[in-house]
Amino acid sequence: MKKITYALMALATLGMSSCNEAAKLAENIEGTWSGAPERIIDDPSGSATVIESTTFAVDSTGKGGDMIIVSLISTTGQVQGSASIMQPLSMSAAAKAEILGKWQAVDDDEIHVSIDPRTLSVSVDPEGVVLTTNLLDNAAQATVASIKPQVAESVKSQITNALQMRYASIKKIDDIDIKGNVMEYEINHKEYTASRQGPANM
């Protein structure tokens, strides 16, 4: 009977220790973190790079809460012009995306995340799309300007697909090591570094 009692006490102590470690991690990770630029599209049609800022909010449990990921994306590539412009056009565009989710600290260096794909929103401003062609006459320039909305929608679709795949693969963030305003961590066995935006929690 004593052995069973000691075992139960040890399990209770272990559980309390893990709970305290999770709460400490949640306290340290709360806030907004900005990562380094990362390539999310890289194929013959073009490339896209994303810079993500993730905000972790702590709820009443003290060990998790809501999260929001805001992404700034820059993309370059080539697109087909139109019937009057046969040569490909060089293209560059910028986009912004947001997605919501939940997170939960489970120990001193790991959190589980659940990102809701239904909340993903991507916006591309057609006026910010830059198309370049060697044809400089007025008719060609007017044609180029007229296809910007179409190009913006195409870019939006590509980025949406890339981000959906990216976030669907993220189920946990582990090996978290926070030192001041720098956080090192792993997602799917790949190492990342992020910087805190604002003062560190004390």
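**The β10–β11 loop and overall architecture**

H189 is found in the loop between β10 and β11. In this predicted model, the phi angle of H189 is near 70°, a positive value in a residue other than glycine. H189 is exposed because its relative accessible area, 77%, lies over the 50% cut-off. N188 is also placed in the loop between β10 (182-187) and β11 (190-196). N188 is not a glycine either, yet its phi is positive, at about 55°.

The secondary structure of the chain consists of three helices and 11 strands. Read from the N terminus, the order of elements is α-β-β-β-β-β-β-β-β-α-α-β-β-β.

Helix α3 covers residues 148-168, a run of 21 residues. At 1.5 Å a residue, α3 should span 30 Å, and its end C-alpha atoms are 30 Å apart, so the expected and computed values agree. Several positions of α3 are buried, and these include the aliphatic residues V151, V155, I159 and L163. A152 and A162 are buried as well, as are T160, R166 and Y167.

Across the chain, which has 202 residues, 35% count as buried. The exposed surface of the chain comes to about 11,900 Å², of which carbon and sulfur atoms supply 56%. Among contacts between residues at least 6 apart in sequence, 57% join residues at least 24 apart.

Definitions and conventions. Residues are numbered from 1 along each chain as its sequence is written. This is a predicted model: local features need pLDDT of at least 70, side-chain atom pairs count only at pLDDT 80 or more; totals for chains, interfaces and linings use all residues. Side-chain values use heavy atoms; hydrogens and water are left out. Helices (H or I, at least four residues) and strands (E, at least two) are DSSP runs, numbered from the N terminus. Buried means under 20% relative accessible area, exposed over 50%, partly exposed in between (1.4 Å probe, protein chains only). Contact means heavy atoms within 4.5 Å. Accessible areas come from the Shrake-Rupley method with a 1.4 Å probe; for residues, only the protein chains shown count as cover. The expected span of a helix is 1.5 Å times one less than its number of residues.
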